[in-house]
Amino acid sequence: QLQASGGGLVQVGGSLRLSCEASASTLNSFHMAWFRQAPGLEREFVAVISPGGRSTAYKDSVAGRFTISRDHAKNMVDLQMNSLKPEDTARYYCAASWAYSRASESYTHWGQGTLVTVSS
């Protein structure tokens, strides 16, 4: 079971840190990712991190602004989001997969999502 938190309302240029709580066994075994879905649009990949944390990948439009990381001591996967833009507004979901993938179809476990709203 995945539990996402940390969403909220932030102004353009601001920062938010999303957290996804998971069991230790999930974090140790699965690739973890963040996806997002804006109203009226399809769910899209944001970032992924491998079980050991050595490999990460990002959607082009968030690379350099967002950072995905693992905190095994807290059983968390975080997404630090800086320099936020209005187009980052969406519901953000954490997900777990056996595959290191950008495709949502690869992910078998999903959290409930947390809403991020960036106001201009």
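Me: Strands (E, at least two residues) and helices (H or I, at least four) are DSSP runs, numbered from the N terminus. Where is the place of Ser 83?
Reply: Ser 83 belongs to the loop between S8 and strand S9 (90–97). One thing to know early: this is a predicted model, with local features needing pLDDT of at least 70 and side-chain atom pairs pLDDT 80 or more, while totals for chains, interfaces and linings use all residues. Residues are numbered from 1 along each chain as its sequence is written, and side-chain values use heavy atoms, leaving out hydrogens and water.

Me: Why is Ser 83 called partly exposed?
Reply: Its relative accessible area is 39%. Buried means under 20% and exposed over 50% (1.4 Å probe, protein chains only), with partly exposed in between, so 39% earns that label. Ser 83 also has a positive phi of about 50 degrees, although it is not a glycine.

Me: And what makes Asn 75 partly exposed?
Reply: Asn 75 has a relative accessible area of 25%, so it is in that middle range too. You will find Asn 75 in the loop between S7 and strand S8 (76–81), with a positive phi near 55 degrees in a residue other than glycine.

Me: How do you know that S1 and strand S3 pair?
Reply: They share 3 bridges. Pairing asks for at least two bridges found by DSSP, so S1 and S3 (residues 16–21) qualify, in the antiparallel sense. Across this pair, Ser 5 stands opposite Ser 19 in S3.

Me: In what order do the 4 strands form the open sheet?
Reply: The order is S1-S3-S8-S7, with antiparallel pairing. Strand S1 (3–5) and strand S7 (66–71) each have a single partner strand, so they stand at the edges and one side of each lacks a neighbour in the sheet.

Me: Arg 70 is buried, so what makes you say that it has no salt bridge?
Reply: A salt bridge needs a side-chain nitrogen of Lys or Arg within 4 Å of a carboxyl oxygen of Asp or Glu. For Arg 70, found in strand S7, the nearest side chain of opposite charge is Asp 71, 10 Å away. That is why no salt bridge is assigned.

Me: Which backbone oxygen lies 2.7 Å from a polar atom of the Arg 70 side chain?
Reply: That of Leu 27. The backbone oxygen of Ile 49 lies 3.4 Å from a polar atom of this side chain. Contacts (heavy atoms within 4.5 Å) of Arg 70, beyond its neighbours within four places in sequence, include Phe 30, His 31, Met 32 and Met 76.

Notes:
Lys and Arg count as positive and Asp and Glu as negative; His and the chain ends are not counted. A polar contact is a pair of N or O atoms within 3.5 Å; within protein, one must be able to donate a hydrogen and the other to accept it, and residues adjacent in sequence count only if both atoms are side-chain atoms.
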